[in-house]
Amino acid sequence: MANRRDLVKRRKSVRNIRKITRTMQLIATARFQAAMSRAIATKPYASTMGNMVAAAAQSATNLDQPLLKVNDSGQTAILVLTSNRGFCGGYNGNVLRLAMETVAGKKSDGIDVSLNAVGKKGIAYLRFLGEEMDMQDGSIEEQPRFEQVSGIADSMMEAYREKRIASLHVCYMQFISTGVQKPVITQLLPIAGLDGAEDDAESNGEAPKPGTGTKIDFSPEPAELLDELLPASVRMRLFQCFTDAAASEQVARMIAMKAATDAAGDMIKLLTQKYNRARQTAITMELLDIIGGAAAIS
Amino acid sequence: MAETNLTCTVLTPERTVLDAKVSGAVIPSHDGEVGILLNRAPLLCRLGVGILKIDGCEEAKQLFVNAGFAEVANNKITILTEQALMPDEVDAEKVQAAQEEARNRLATTAEEQDKRNTDLARCAAKLKLIGQ
């Protein structure tokens, strides 16, 4: 009898869990839609920025930019983007695994690595591993604002100019489509592939600059313009990494919560079956008792 | 009104602020205002802090632009800026408070002075936008 009551209790609690996970799934779906439209909204700015950089670089007489030159000295900086909250399946795990593999690879090559973490989950994990972090930021919400991101980008570029870091890599979950997200590590500094400006535009999959070949009025001179354009494009690329990561996080949470809801449903079915069986057994036992008793009297 | 055969797009990293057909525009370039009319030669310029004036557009006549870049090519004006505000997005009280704060701020080094000047210019442009 006690068994039956236990089963009822368990079924109730699983039902409650299912209710919670389903709600979380719905919330994640709504947030994902917002995050994805934000990620898409960055595209026009980014592609125009790419075109401008290409145009200016093509016309610039000297490409003597600190952000383009390769730093020989200094650490390799890796910026890891993770979420502030859990319940998102393998999202943080996958990003952190890639980051730590890269770090281990660099360290075995004898390169000094400076770790930077954004997102509470990543910070907690790296602290658990006993890794030292040069920067940690757990304040960025799931809707990253440009000002926050550009602050990080500015301090990184500052470090790069002062040759404290030799390169900057960002490790994050790239959002390819709703079905596909991939942990990637991309190099932000030094800015790669600008020497051949056309190569850059092509490799980014951008349309060639409109009006290429016609003479463009520059104000100020292209080289001077690049002084401002390059940092702006780095800020933008970092911002895109953040919006991508935010969209991926919500997808991961959506999928994880859907799986949890489904699993809870299966468990309820199983528990119901068990309960019914236990009830039937109890009835049969009772019947047997009665029949046995009746048989004994007659 | 002149014909509206120019396209003007104002983009910030977070959103597209404006995408409209216009007849002309005055861009707040880093060294003064630049007027753009039909068939202007391709231009790529840095923007200062100021007001973007647009002609022949019903959605917006003036916009606050906080530095950035502008590109003109094939009768298409593209403004890239980190912050663009419509007049109704400017909060007068906040701006005045920021202006007051910047005025009273102690600026001893050249860097600090630069920052104060740009902050003041930003506030002044915003206030001008809402007509104060």
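Me: A crossing is left-handed if the near helix is turned anticlockwise from the far one by less than a right angle, and right-handed if clockwise. So is the crossing of H2(A) with H7(A) left-handed or right-handed?

Reply: Left-handed: that's how H2(A) passes H7(A). Bear in mind that we're looking at a predicted model.

Me: Got it. What makes H2(A) and H7(A) count as parallel, antiparallel, perpendicular or oblique?

Reply: Their angle. The axes of helix H2 (residues 43-59) and helix H7 (residues 222-297), both of chain A, cross at roughly 150 degrees. Angles over 145 count as roughly antiparallel, and H2(A) and H7(A) are therefore roughly antiparallel to each other. Their axes come within 9 Å, too.

Me: Which residues of H2(A) and H7(A) meet there?

Reply: On the H2(A) side, they include Tyr45(A), Met49(A), Val53(A) and Ser59(A). Among those in H7(A) are Pro222(A), Leu226(A), Ser233(A) and Gln240(A).

Me: How do those contact residues divide into nonpolar, polar and charged?

Reply: There are 14 nonpolar, 3 polar and no charged. Ser and Gln aren't on the nonpolar or charged lists, so they count as polar.

Me: On to the sheet in chain A. What makes a strand an edge strand there, and which ones are they?

Reply: An edge strand pairs on one side only, and here that's strand E3 (133-137) and strand E5 (181-189) of chain A. The sheet is open, with 5 strands in the order E3-E2-E1-E4-E5 and mixed pairing. Its twist averages 20 degrees from one strand to the next.

Me: How do you know that E2(A) and E3(A) pair?

Reply: Count the bridges: pairing takes at least two, and 4 join strand E2 (residues 113-118) of chain A to E3(A). These strands run parallel. One example is Ala117(A), whose bridge partner in E3(A) is Gln136(A).

Me: Which helices lie across strands of chain A, and at what angles to E4(A)?

Reply: Helix H5 (residues 146-161) of chain A lies across E1, E3, E4 and E5, running at about 150 degrees to E4(A). H7(A) lies across E1, E4 and E5, at about 35 degrees to E4(A).

Me: And chain B: what makes E1(B) and E2(B) a pair, and in which sense?

Reply: Again at least two bridges are needed; strand E1 (residues 6-11) and strand E2 (residues 16-22) of chain B have 6, in the antiparallel sense. Val10(B) has Leu18(B) as its bridge partner in E2(B). A hairpin of 4 residues joins E1(B) to E2(B).

Me: How many bridges join E1(B) to E7(B)?

Reply: 5, and here E1(B) and strand E7 (residues 76-80) of chain B run parallel. Thr7(B) has its bridge partner, Lys76(B), in E7(B).

Definitions and conventions
Residues numbered from 1 in each chain as written. Chains lettered and ligands numbered in written order. Predicted model: local features only at pLDDT ≥ 70, side-chain atom pairs only at ≥ 80, totals over all residues. Axes fitted to C-alpha atoms, helices over the stretch in contact; angles between N-to-C directions. Helix = DSSP H or I, 4+ residues; strand = E, 2+ residues; numbered from the N terminus. Parallel < 35°, antiparallel > 145°, perpendicular 65-115°, else oblique. Contact = placed C-beta atoms within 7 Å.
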